[in-house]
Amino acid sequence: MANDYSKGYSGLAVADYFIAKAIEEGKPITNMSILKMIYFVQGFGFQTLNRRLIRDEFYAWQWGPVSRDVYYAFQKYGSQSIESMSNQYPKELADIKKHPEIIELLDKIYQLRGVNPFVLSEKTHVPGGPWAKTLPYQKIETDLIRSYFT
């Protein structure tokens, strides 16, 4: 029986894709960068693929939208480079790799790895955006993300 990922993948599976790529290339990546990147995957997934790619909920934390699962999985690194994948969702990561359209989007978002995460944070804090329309530390409604990006 095939798995149904119509409601999206775990943010950790997508984070692991980015982390594996960063480790392979010898380019450091931090938790804050990963958190921004998976949020952009969610938004641009709605825009370019017309689907929810991340099933996690995002919360309006101080520095921007956060998937709590991803944050807590990598918080031990603080602001240092993440040294290893979570490896919590290998089947989901394998499924992601079967979809060239998803990989194309992830590879575009991966390019943000080199951008200062505080600059990315500014991009998530735009007036009228989903983060700005949500009370601090509350769940950002998925429909807000969808409508903002589309």
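Is Tyr 72 buried, partly exposed or exposed? In this predicted model, Tyr 72 is partly exposed, with a relative accessible area of 49%. Its aromatic partner is Trp 61, and the two rings sit edge-to-face, 6.2 Å centre to centre with 70° between the planes. Trp 61 counts as buried, at 16% relative accessibility. The pair links distant parts of the chain, as Trp 61 belongs to strand E1 (residues 58-61) and Tyr 72 to helix H3 (residues 68-74), 11 residues apart.

A second edge-to-face pair is formed by Tyr 148 and Phe 149, whose ring centres are 5.3 Å apart and whose planes meet at 85°. Here Tyr 148 is partly exposed at 39% relative accessibility, whereas Phe 149 is buried at 8%. Both residues belong to one aromatic cluster, together with Tyr 39, Phe 40, Phe 44 and Phe 58. The count of aromatic pairs comes to 14.

Helix packing brings two of these cluster residues back into view. The axes of helix H2 (residues 31-49) and helix H5 (residues 100-110) come within 10 Å and cross at roughly 135°; the two helices are therefore oblique to each other. The crossing of H2 with H5 is right-handed. On the H2 side, the contact involves Met 37, Phe 40, Val 41, Phe 44, Gly 45, Thr 48 and Leu 49, which meet Glu 101, Ile 102, Leu 105, Leu 106, Ile 109 and Tyr 110 of H5. By residue class, this contact comprises 10 nonpolar, two polar and one charged. Phe 40 and Phe 44 thus appear both in the H2 contact with H5 and in the aromatic cluster.

Key
Residues numbered from 1 in each chain as written. Predicted model: local features only at pLDDT ≥ 70, side-chain atom pairs only at ≥ 80, totals over all residues. Heavy atoms only, no water. Axes fitted to C-alpha atoms, helices over the stretch in contact; angles between N-to-C directions. Helix = DSSP H or I, 4+ residues; strand = E, 2+ residues; numbered from the N terminus. Parallel < 35°, antiparallel > 145°, perpendicular 65-115°, else oblique. Left-handed = near helix turned anticlockwise from the far one by under 90°. Contact = heavy atoms within 4.5 Å. Nonpolar A, V, L, I, M, F, W, Y, C, P; charged D, E, K, R; others polar. Phe/Tyr/Trp six-rings, centres within 6.5 Å; stacked < 30°, edge-to-face > 60°. Buried < 20%, exposed > 50% of the residue type's maximum accessible area, 1.4 Å probe, protein only.
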